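Hi,

Here is the structure I promised to pass on. Have a look at it first, and then read my notes underneath.

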Amino acid sequence: MTVIWTKNGIVDNDPWTADSAEQGPKLLPLAEALEHAQDNAPFGVVLQPADDVAALAPILDRVAIIALTFPAFSDGRGFSQAALIRQRLGYEGELRAVGSVLLDQIPLMLRTGFDSFEVSHAPTIERLKENRLPGIDLHYQPSVAPAEAGQSYSWRRAAIVNG
């Protein structure tokens, strides 16, 4: 069983599919998405950990959803890809984590800009249904999402530009 979860709970009718035989909007691999960008149909992109997110820049305004693949719990390249997509490319659409997504990762994934999660791990699904995320109260690193207490980091220095 696989479910899609967002901060609002389990999504019942997610239209996005990576299966080319099914009807509905498609999640395409990067190479296919670059070719498909001229079509009028809505589409999404599935990025593998080694894919260059900068390749999306010319078509980003036509991409409805970006799914970042986590092939293993220990592979954190999707976190970096998410931060680059949000901060450098300025993408504001849906960002989804797919693959090996476990409960302990989700709070950190939310901080790096993910909106939705494709989860197949049964214990994780049960905790998400109960809306029981592990809590992390203090963070040393800045977040892509605005922090509730403000963006105050005493250790972070802003460069002064002489103009």
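Below is what I found, starting with the sheet and working towards the side chains.

Keep in mind that this is a predicted model.

The sheet first. Seven strands make up an open sheet, with the order β2-β1-β7-β6-β5-β4-β3 and mixed pairing. At the edges sit β2 (9-11) and β3 (26-29), each of which pairs on one side only. From one strand to the next, the twist averages 30°.

If you want to walk through the middle of the sheet, β7 is a handy place to begin. Strand β1 (residues 3-6) pairs with β7 in the antiparallel sense, over four bridges, and I4 stands opposite E118 there. Strand β6 (residues 94-99) also pairs with β7, but in the parallel sense and over two bridges; here A97 stands opposite F117. Together, β6, α3 and β7 make a β-α-β unit, and the unit is right-handed.

Moving along, β5 and β6 run parallel and are joined by six bridges. One residue to click on is A67, whose bridge partner in β6 is R96. Helix α2 (residues 77-88) packs on the sheet and touches β4 (43-47), β5 and β6. The direction of α2 makes about 155° with that of β5. Helix α4 packs on the sheet as well, touching β1, β2 and β7, and its direction makes about 140° with that of β7.

Now the interior. The largest nonpolar core has 32 residues, and L47, I66, F114 and F117 are those with the most contacts inside it. Which strand gives the most to this core? That is β5, with four residues. If you leave aside the neighbours within four places in sequence, L47 is in contact with L30, V53, L56, I66, A67, L68, T69, Q81 and I85. There is also a second, separate core of six residues, and L27, V46, A67 and V98 are among them.

The aromatics were the part I spent some time on. A search of the whole structure turns up four aromatic pairs. One of them is F70 with F114, a tilted pair at 5.8 Å centre to centre and 55° between the planes. Why does this pair tie together parts that are 44 residues apart in sequence? Because F70 lies in strand β5 (residues 63-70), while F114 lies in the loop between α3 (106-111) and β7 (116-119). Are these two rings buried or exposed? F70 has 0% relative accessibility, so F70 counts as buried. F114 is at 2% and therefore counts as buried too.

F114 has another partner: F114 and F117 form a tilted pair, 6.2 Å centre to centre with 40° between the planes. Both F114 and F117 are buried. Zooming out, W5, F70, F79, F114 and F117 form one aromatic cluster. F114 and F117 are worth picking out on screen, as they also appear among the residues with the most contacts inside the largest nonpolar core.

One last item, on the backbone. N131, in the segment after α4 (122-129), has a phi near 55°, a positive value in a residue other than glycine. Is N131 buried or exposed? With 53% relative accessibility, and the cut-off for exposed being over 50%, N131 counts as exposed.

Cheers

Note on methods:
Residues are numbered from 1 along each chain as its sequence is written. This is a predicted model: local features need pLDDT of at least 70, side-chain atom pairs count only at pLDDT 80 or more; totals for chains, interfaces and linings use all residues. Side-chain values use heavy atoms; hydrogens and water are left out. Rings of Phe, Tyr and Trp (its six-membered ring) pair if their centres lie within 6.5 Å; planes under 30 degrees apart count as stacked, over 60 as edge-to-face and the rest as tilted. Buried means under 20% relative accessible area, exposed over 50%, partly exposed in between (1.4 Å probe, protein chains only). Two strands pair if DSSP finds at least two bridges between them. A crossover is right-handed if, with the strands pointing away from the viewer, the path from the first strand over the helix to the second runs clockwise. Axes are lines fitted to C-alpha atoms, for helices over the stretch in contact, and angles run from 0 to 180 degrees between N-to-C directions. Contact means heavy atoms within 4.5 Å. A nonpolar core is a set of buried Ala, Val, Leu, Ile, Met, Phe, Trp, Tyr and Cys residues joined through side-chain atoms within 4.5 Å.
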